[in-house]
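Let's take a walk through a protein together, one neighbourhood at a time. Have a look at the picture, and then we will start with a small puzzle.

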Amino acid sequence: MSQPSIKRSRVNQIMRESDAFIRSFGYVLPPFAYWSPAEFRARKDDAQMIIKANLGWDISDYGLGEFDKTGLFLFTVRNGNAADLDKGRGMLYAEKAMISRENQYSPMHRHNLKAEDIINRGGGTLVIELFGDTDGQCDRNKGTVVYTDGIRRELPPGAHLKLLPGESVTLMPNEHWHAFWGEGGDVFIGEVSTVNDDRTDNVFEDPRIARFGGIEEDEEPLHLLVSDYEAWLK
């Protein structure tokens, strides 16, 4: 059975809507965000850092084909090289701009390497469901300890941590299993984290989940997704 996919026309629509939503909070994406596919191809030699670090547009339906129900908008603004972590120096950080729509679910997962601050930059309330970890598995009988803007909080299993605009939480790899969604409106999210590779760093509780889904090409791309780079920029 083929993997469910999202139509390119829908991806283009999400890009336009998301850019407008982000701009409403005074946040503007970097110039390369607005390159056409043709301009990206023409400038690919100068844009190797963008390509290798997977900077750019990232619209995930988690391989389920139901973006409005289960999905997330992301734009990776900056990201270093994970190999530099062993050296203890270099660009060891990353930043993402994300949108979690009202009642749009981002499935339960943890990270192998990435420590992250998840920040509500504006909009509705960001709800984060949290469980602890046992031997790399989501333990639904285990609570967690998190820090919200530097304040220690001990939470029971399955706690719904609610972040209002301006609030944030720090989540650690191999420790905090988390899922999230917007409540009371769409949420503009900032993520500041350790350098990471989204292709390998996400571990989902549900084995059906894929970090990157398929695309049904029903029209030309408005802008390239990070998942397009390999095919479009050879």
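Which residue in strand 12 stands opposite Ser106? Keep in mind as you search that this is a predicted model. The partner you are looking for is Phe180, which stands opposite Ser106.

That meeting point belongs to a wider arrangement around strand 5. Strand 5 covers residues 106-111, and strand 12 covers residues 177-194. The two strands pair in the antiparallel sense, over 2 bridges. Strand 5 also pairs with strand 13, made of residues 202-204. This pairing is antiparallel too, and it runs over 3 bridges. Here you can find His111 of strand 5 standing opposite Asn202 of strand 13. Strand 5 is mostly covered: 6 of its 6 residues are buried. As you follow a strand with your eye, remember that in a regular strand the side chains alternate between the two faces of the sheet.

Now let's turn to the aromatic rings. How many aromatic pairs does the model hold? The count comes to 11 aromatic pairs. One of them joins Trp57 and Phe73, whose rings meet edge-to-face, with 5.9 Å from centre to centre and 65° between the planes. This pair links distant parts of the chain, since Trp57 sits in strand 2 (residues 56-60) and Phe73 sits in strand 3 (residues 72-79), 16 residues apart. Are these two rings buried or exposed? Trp57 counts as buried because its relative accessible area is 3%, under the 20% cut-off. Phe73 has a relative accessibility of 1%, so Phe73 is buried as well.

A second pair brings us back to strand 12. Tyr105 and Trp181 form a tilted pair, 6.0 Å centre to centre with 35° between the planes. Tyr105 lies in the loop between strand 4 (93-100) and strand 5, while Trp181 belongs to strand 12, 76 residues apart. With 29% relative accessibility, Tyr105 is partly exposed, whereas Trp181, at 15%, is buried.

Ring pairs can also join up into a group. Trp57 and Phe73 are part of such a cluster, which ring pairs build together with Phe32, Trp35, Phe40, Phe75 and Tyr229.

For a last stop, find Phe212. What lies over the face of its ring? Arg211 does, at 4.7 Å from the ring centre.

Technical notes
Residues numbered from 1 in each chain as written. Predicted model: local features only at pLDDT ≥ 70, side-chain atom pairs only at ≥ 80, totals over all residues. Heavy atoms only, no water. Buried < 20%, exposed > 50% of the residue type's maximum accessible area, 1.4 Å probe, protein only. Helix = DSSP H or I, 4+ residues; strand = E, 2+ residues; numbered from the N terminus. Pairing = 2+ DSSP bridges. Phe/Tyr/Trp six-rings, centres within 6.5 Å; stacked < 30°, edge-to-face > 60°. Lys NZ or Arg CZ within 6 Å of the ring centre and 35° of its normal.
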